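Trainee: I have a structure open and would like to learn how to read its features. Can we go through them together?

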Amino acid sequence: MKRPYVLINMAMTLDGKTSTVERRPTDWTSPTDKRRMIELRATADAVMVGARTAETDRTSLSIPDAALQRRRARRGLPPHPLRIIVSGNCSFRDTIRVFERPVSPILIFTSRRAPQAKLDRLARRPDTHIYVAGGRDVDVPAMLDILAREWKVKRLLAEGGAALNWALFAAGAVDEVNVTLCPRVFGGATAPTLVDGAGFLRDRILDAKLLRCDRIGQELFLRYRRLPLSSG
Ligand SMILES: NC(=O)c1ccc[n+]([C@@H]2O[C@H](COP(=O)([O-])OP(=O)(O)OC[C@H]3O[C@@H](n4cnc5c(N)ncnc54)[C@H](OP(=O)(O)O)[C@@H]3O)[C@@H](O)[C@H]2O)c1
């Protein structure tokens, strides 16, 4: 099976949270963080989010900056990356922001749990492509294979949240993690972190290597490469 190079980008508090317990929109980082996120997005062939992030964060997954769009054009890329939503049951609202701007194809990866009527409705939207890729959950390797082969995606940016990140890590499909460490504390046992899900047992934990650390203002911008499975 083929797959693209997969990067994760998220902002995190000192206590490892990516949102408060209310799971409201994540507008709590600096303008520098937001700018860097868009710049990273502009390097990707495709951007992916989990269904809850697509709903709560009101993200368009597009490139709002004309200069960055021109830079993409010089590299032979379309102005905006492909936009991907992962949802097992497609219960997200039809009013999510991704649908508001028809700037690039929208790919929805779902499972056989999704009601056919909802899939039919989504498929009628302009430039929206539905893939049923799994029984209960979306089969991550199958999804990445479709992205690499059918859509020629070489570089995929995953912008959260924790459940999607877990699915990617559990499939061994994450190559790079970009984290903005923000000097804030949210607390809350149920507040989301960078990676959620069942978690790895001790003999399966993943290691990473720090490639870069930039300090800008009060934030640290960290870039890690995932290392092969630890021997325990
Ligand atoms: N700080 C940051 O940088 C940042 C970035 C992004 C998000 N966030 C925060 O993170 C929170 C959202 O994270 P989250 O963990 O709750 O949700 P999430 O990962 O955004 O979305 C979870 C949903 O994605 C779908 N999904 C993920 N993996 C799947 C798989 N393998 N198969 C089928 N469906 C799959 C499921 O959708 P269905 O339920 O529809 O089946 C699941 O409920 C929000 O509070 C948001 O603000 C923070």
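Mentor: Sure, let's start with polar contacts: a pair of N or O atoms within 3.5 Å, where within protein one must be able to donate a hydrogen and the other to accept it, and residues adjacent in sequence count only if both atoms are side-chain atoms. Here, a polar side-chain atom of Asp57 sits 2.7 Å from an oxygen atom of the ligand. A polar backbone atom of Gly88 is 2.7 Å from a ligand oxygen, and for a polar backbone atom of Ala51 the distance to a ligand oxygen is 3.2 Å.

Trainee: What kind of model is this, and how are the residues numbered?

Mentor: This is a predicted model, so local features need pLDDT of at least 70 and side-chain atom pairs count only at pLDDT 80 or more, while totals for chains, interfaces and linings use all residues. Residues are numbered from 1 along each chain as its sequence is written, and side-chain values use heavy atoms, with hydrogens and water left out.

Trainee: How much of the ligand's accessible area does the protein cover?

Mentor: Such areas come from the Shrake-Rupley method with a 1.4 Å probe; for residues, only the protein chains shown count as cover. The ligand on its own has 920 Å² of accessible area, and the protein covers 90% of that.

Trainee: Which residues come nearest to the ligand?

Mentor: A residue is near a molecule or strand if one of its heavy atoms lies within 4 Å of it. Of the 29 residues around the ligand, Arg52, Thr53, Asp57, Ser87 and Val138 come nearest. As for secondary structure, helices (H or I, at least four residues) and strands (E, at least two) are DSSP runs, numbered from the N terminus. β1 (5-13), α2 (51-56) and α6 (162-170) each give the ligand's shell at least two residues.

Trainee: How many aromatic pairs are there, and how do I read one?

Mentor: Rings of Phe, Tyr and Trp (its six-membered ring) pair if their centres lie within 6.5 Å; planes under 30 degrees apart count as stacked, over 60 as edge-to-face and the rest as tilted. The structure holds four such pairs. In one of them, the rings of Phe109 and Tyr131 have centres 4.9 Å apart and planes at 10°, so that pair is stacked. Phe109 belongs to strand β4 (residues 106-110) and Tyr131 to strand β5 (residues 128-132), so the pair ties together parts 22 residues apart in sequence.

Trainee: Are those two rings' residues buried or exposed?

Mentor: Buried means under 20% relative accessible area, exposed over 50%, partly exposed in between (1.4 Å probe, protein chains only). Both Phe109 and Tyr131 are buried. Now take Trp166 and Phe200, a tilted pair at 4.8 Å centre to centre with 55° between the planes. Trp166 counts as buried at 17% relative accessibility, whereas Phe200, at 28%, is partly exposed.

Trainee: And what about the backbone?

Mentor: Most residues other than glycine have a negative phi, and most peptide bonds are trans. Leu61 has a positive phi near 60°; it lies in the loop between α2 and α3 (66-74) and counts as buried at 0% relative accessibility. Lys152 also has a positive phi, about 55°, but Lys152 is exposed, with a relative accessible area of 56%. The peptide bond from Gly160 to Gly161 is cis, with omega near 0°.
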